[in-house]
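User: Please take me through the strand pairing and helix packing of this model, with the criteria behind each term. I would like each reply to reason its way to the value or name I ask for.

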Amino acid sequence: MAPSTLADAAAPPVLAEETKPAAGLSVSQFILEQLKAWKIERIYGVIGDANLSLLDELGKQNAIRYVACRHEGGAALMASAEAKLTGRTAVCLATSGPGATNTLNGLADASMDRAPVLALSGQVETAKIGTRAKQYVDQQKLHAAVAGKSELVTHADALPELMEQMLVHGLLQGQVTHLSIPKDLYPAKVKGGIKPYSAHLHQPLAAPDNEIAEVAALLASAERPVLFIGRGVKQAAEHVLQLAEKLSAAVVTTLPARPLFPNDHECYAGGLGQAGSEASSVLLAESDLIVMLGATWWPDDYVPTQARIVQIDWNREAIGLGHPLHKGVVGDLGQIVPKLAAAGHLPAKDRSAWRARVRDACAGWKRQIEAEARADGTPIPPQRVMKTIADHVSDQAIITVDTGDHTLWFNRIFQAKAGQDILVSGRWRTLGFALPAAIAAKLSYPDRQVIAIAGDGGVVQTLMEFQTAAELQLPIVLVVLNNRAYAMEQDRMNAAGLNLTGSAIQNPDFAAIAEACGGSGYRASSPAEFEQSLRRALSGSKPALIDVRTAATPVPHAKI
């Protein structure tokens, strides 16, 4: 080949004169087509002046369902819950100004629990960006605290790259992403093509064999091992059980991970923290090796100081946060845990004394909570409420739990089953999570039973979404523990000798509100009434609310 000349070097690069192909789609159409390519099934939102064009296109197609919510905060919580439950990207929609600001609570919930949510919000016209126009706010600054990426679409041709960035970044990093779309851009035509979901995005992250072998050696040498598991082990739950039995290890779970290990197993020590079990605290304090599998939450007061801690997680940023760390391993638990469970030398050490210790501690704890769960009386003890729910919900139920005093009682008493899922507002701990989460869960898995558990202080935050459930004809069940107080705060104020200002609540008739919204309403003041109401609600064909008059029983260890 002849050498290049100066004339050749001056020629335009190959493809320099090419232009991006026109998709022939408007901005509104392109957004929906790109979401379809990623198998997005729903958009949760509230209508507003700056998203009308997108809603117009949504109404012309059937692939993506629009869920009309009563409040943007509820819409964002629904998206967060769907992402937590399915592991896939979920989408919410708001208008400019107050619509966008209303989503922040739900987006913060998703952000704190690493749920991939894409938030779309309308914005004022491009010519009014930065001015004193009505409903203008710098949405990128607004979302900076909760979104891993937030961008303003300033030209239609930027949309393909921005959509791809948002979807890929959100899914891979487990983060909230956000796009602001000026309302005058919706009709503009887009140059560029739809980017399909690529298989490499879900290829597992493989840890080196020598790293796995080193963890196996640590396990083999441990005399008093504990496995602390989170929802990240969902795809390896069977192998976690095998590993625990080979090691005679105690098993402690986060609240969402309760269904991932048999709650009646002799090695199951319950949850962690104030809402957990005394047995877990004792066994963690006596352990010489704690292996964290897919768990990232550890309350400061319950971190032992004597044990070596090994943490395995796909998210390298979460390893070692909030606790000492002996060794961290980054990788897919679905690959790592089976290899650990298959290691042949794990049972070689005599751990009979530790097995007996674990068995005795766990058995003693189970006797204690079984006695608590039999508590009787009117109003109903909250322990009895949780036991009744556990006894009557399906083995495949999805249980959404709000934030409050009842959350502690739930984690203390509820005995989960292997096919169930538990959804909570983990780190953000917002009031009002349970009802929107239940709606999203039922839409995602219409054949599964869905029950929401909320306190009277929290349920009012999102109660009007019950009307959303009624319009959608979703037979979910909402149990409201009505003790006429912000009980968690009241108990802590009592424990600290504080004035109880603000802790008492004058409640409306929750059952009447449910009926006014088009659902069924029940009231229960005794264990027998609650059991009867729960049976009827679970067998009904429309959303039901049970107003349960509960005793204000303080959770053990309450402190400010």
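User: In β3, which residue is the bridge partner of Ile 43?

Analyst: The model is a predicted one, in which local features need pLDDT of at least 70 and side-chain atom pairs count only at pLDDT 80 or more, while totals for chains, interfaces and linings use all residues. Residues are numbered from 1 along each chain as its sequence is written, and side-chain values use heavy atoms, with hydrogens and water left out. Strand β2 (residues 42-45) runs parallel to β3 and is joined to β3 by 4 bridges, where strands (E, at least two residues) and helices (H or I, at least four) are DSSP runs numbered from the N terminus, and two strands pair if DSSP finds at least two bridges between them. Gly 45 has Ala 68 as its bridge partner in β3, and for Ile 43 the partner is Tyr 66.

User: Which residues of β2 point the other way from Arg 42 and Tyr 44?

Analyst: In a regular strand the side chains alternate between the two faces of the sheet. In β2, Arg 42 and Tyr 44 point one way and all the residues named here are buried, that is, under 20% relative accessible area, whereas exposed means over 50% and partly exposed lies in between (1.4 Å probe, protein chains only). The residues that point the other way are Ile 43 and Gly 45.

User: Which strands stand at the edges of the sheet with the order β3-β2-β4-β5-β7-β6?

Analyst: This open sheet has 6 strands and its pairing is parallel. An edge strand has a single partner strand, so one side of it is left without a neighbour in the sheet, and this holds for β3 (65-68) and β6 (147-152).

User: What angle does the direction of α8 make with that of β7?

Analyst: Within the sheet, neighbouring strands are turned by 20° against each other on average, direction ignored. Helix α8 packs on this sheet and touches β5 (117-123), β6 and β7 (176-182), contact meaning heavy atoms within 4.5 Å. Axes are lines fitted to C-alpha atoms, for helices over the stretch in contact, and angles run from 0 to 180 degrees between N-to-C directions; for α8 and β7 the angle is about 160°.

User: How far apart in space are Glu 164 and Leu 35, C-alpha to C-alpha?

Analyst: Glu 164 is found in helix α8 (residues 159-173) and is partly exposed, with a relative accessible area of 31%. Leu 35 is one of the buried residues of helix α2 (residues 27-37). The two are 129 residues apart in sequence, and in space their separation is 9.9 Å.

User: Why is α4 described as roughly parallel to α6?

Analyst: Helix α4 (residues 72-86) and helix α6 (residues 104-112) pack with their axes 6 Å apart. Angles under 35 degrees count as roughly parallel, over 145 as roughly antiparallel, 65 to 115 as roughly perpendicular and the rest as oblique. The pair is therefore roughly parallel because the packing angle is about 20°.

User: Which strand order does the sheet that contains β16 and β19 have?

Analyst: Its edge strands are β16 (421-424) and β19 (520-524), each of which pairs on one side only. The twist averages 20° from one strand to the next. Strand β18 (residues 477-482) runs parallel to strand β20 (residues 544-549) and the two are joined by 6 bridges, with Leu 481 having Val 548 as its bridge partner in β20. The 6 strands form an open sheet with parallel pairing, in the order β16-β15-β17-β18-β20-β19.

User: Is Ser 533 buried or exposed?

Analyst: Ser 533 is found in helix α21 (residues 527-538), which packs on the sheet and touches β17, β18, β19 and β20. Not counting residues up to four places away in sequence, Ser 533 touches Tyr 522, Arg 523, Ala 524 and Ile 546. With a relative accessible area of 8%, Ser 533 is buried.

User: At roughly what angle do the axes of α14 and α15 cross?

Analyst: Pro 382, Gln 383, Met 386 and Lys 387 in α14 meet His 406, Trp 409, Phe 410 and Ile 413 in α15. The axes of helix α14 (residues 382-392) and helix α15 (residues 405-413) come within 9 Å, and the two helices are oblique to each other. Their axes cross at roughly 55°.
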